[in-house]
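Me: I should like to examine how the descriptive terms applied to this structure are justified. Please set each value against its definition.

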Amino acid sequence: MQLFDHSLVAVTYPSASSAAVLVGICSDFGLCCTLSSSPQVLLYAQLRGNNQGVIKITTGGMNRSAAAAPISIDRETRLSALLNGNNQTGMLVLHKAMSMAVEKAKSAGFGIVGTNHTSTSTGALGYYAEQVAKRGMIGIVFA
């Protein structure tokens with residue numbers, strides 16, 4: 001039994017206007033861009049020549065699974081949590097994991113959040129580490 005698909009121990013994103021254009025493109029392709037950070041993750045990767053960028057829109061790398069259900073917390077302690085992505089897109093799940101890890105670190109000095117059962121890639125992992133660093137913390141993200 002595999003416990004973790006991705007883990008986060010808790011990036012610079014382009015201008016808001018670029019993100020707004022990308023949200024429009026996502027909508028045109030019928031993709032779920034309800035998470036405001038998804039366009040920033042894609043643009044972060046694209047501006048670095050990473051294959052986790054805008055290309056994901058046209059290649060089906062962001063398609064929402066028909067089996068997607070709300071993200072749930074399988075286990076949680078003061079310092080840690082395990083999120084069940086329930087077939088949601090990886091970017092959505094990892095964004096929630098990053099936010100939870102940061103909040104745990106703020107309150108307890110350390111936070112670690114693992115994820116599993118995502119339907120797509122999480123995108124450029126460096127984005128999430130950079131977002132943690134912007135909050136004055138050390139972030140380690142791995143898949």
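Me: Which residue of strand 3 does Ser 72 stand opposite, and what makes strand 2 and strand 3 a pair?
Reply: Ser 72 stands opposite Asn 84 in strand 3. Two strands count as paired if DSSP finds at least two bridges between them. Strand 2 and strand 3 have four bridges in the antiparallel sense, so they meet the criterion of at least two. A hairpin of three residues joins strand 2 to strand 3. The strands themselves, like the helices, are DSSP runs numbered from the N terminus (H or I, at least four residues, for helices; E, at least two, for strands).

Me: On what kind of model do these statements rest?
Reply: The model is predicted: local features need pLDDT of at least 70, side-chain atom pairs count only at pLDDT 80 or more, and totals for chains, interfaces and linings use all residues. Residues are numbered from 1 along each chain as its sequence is written, and side-chain values use heavy atoms, with hydrogens and water left out.

Me: How are strand 3 and strand 4 joined?
Reply: Strand 3 and strand 4 (residues 112–116) run parallel and are joined by five bridges. Leu 82 has Gly 114 in strand 4 as its bridge partner.

Me: What makes the unit of strand 3, helix 4 and strand 4 right-handed?
Reply: A crossover is right-handed if, with the strands pointing away from the viewer, the path from the first strand over the helix to the second runs clockwise. Strand 3, helix 4 and strand 4 make a β-α-β unit of this right-handed kind.

Me: Why is strand 3 described as largely enclosed?
Reply: Four of its five residues are buried, so strand 3 is largely enclosed by the rest of the structure. Buried means under 20% relative accessible area, exposed over 50%, and partly exposed in between (1.4 Å probe, protein chains only).

Me: What makes the contact of Glu 76 with Lys 104 a salt bridge?
Reply: A salt bridge requires a side-chain nitrogen of Lys or Arg within 4 Å of a carboxyl oxygen of Asp or Glu. The closest N and O atoms of Glu 76 and Lys 104 are 2.9 Å apart, so the pair satisfies that limit. Glu 76 lies in strand 2 and Lys 104 in helix 4, so the salt bridge ties together parts 28 residues apart in sequence. Lys 104 counts as buried because its relative accessibility is 8%, whereas Glu 76, at 47%, counts as partly exposed.

Me: How many salt bridges does the structure hold, and which residue does Lys 106 pair with?
Reply: The structure holds two salt bridges. Lys 106 forms one with Glu 103, the closest N and O atoms being 3.5 Å apart. Both residues lie in helix 4, three residues apart, about one turn of the helix. Lys 106 is called exposed because its relative accessible area is 53%; Glu 103, at 46% relative accessibility, counts as partly exposed.

Me: What defines a nonpolar core, and which residues have the most contacts inside the largest one?
Reply: A nonpolar core is a set of buried Ala, Val, Leu, Ile, Met, Phe, Trp, Tyr and Cys residues joined through side-chain atoms within 4.5 Å. The largest one has 23 residues, and Met 91, Val 113 and Tyr 128 have the most contacts inside it. Helix 4 gives the most to this core, with eight residues.
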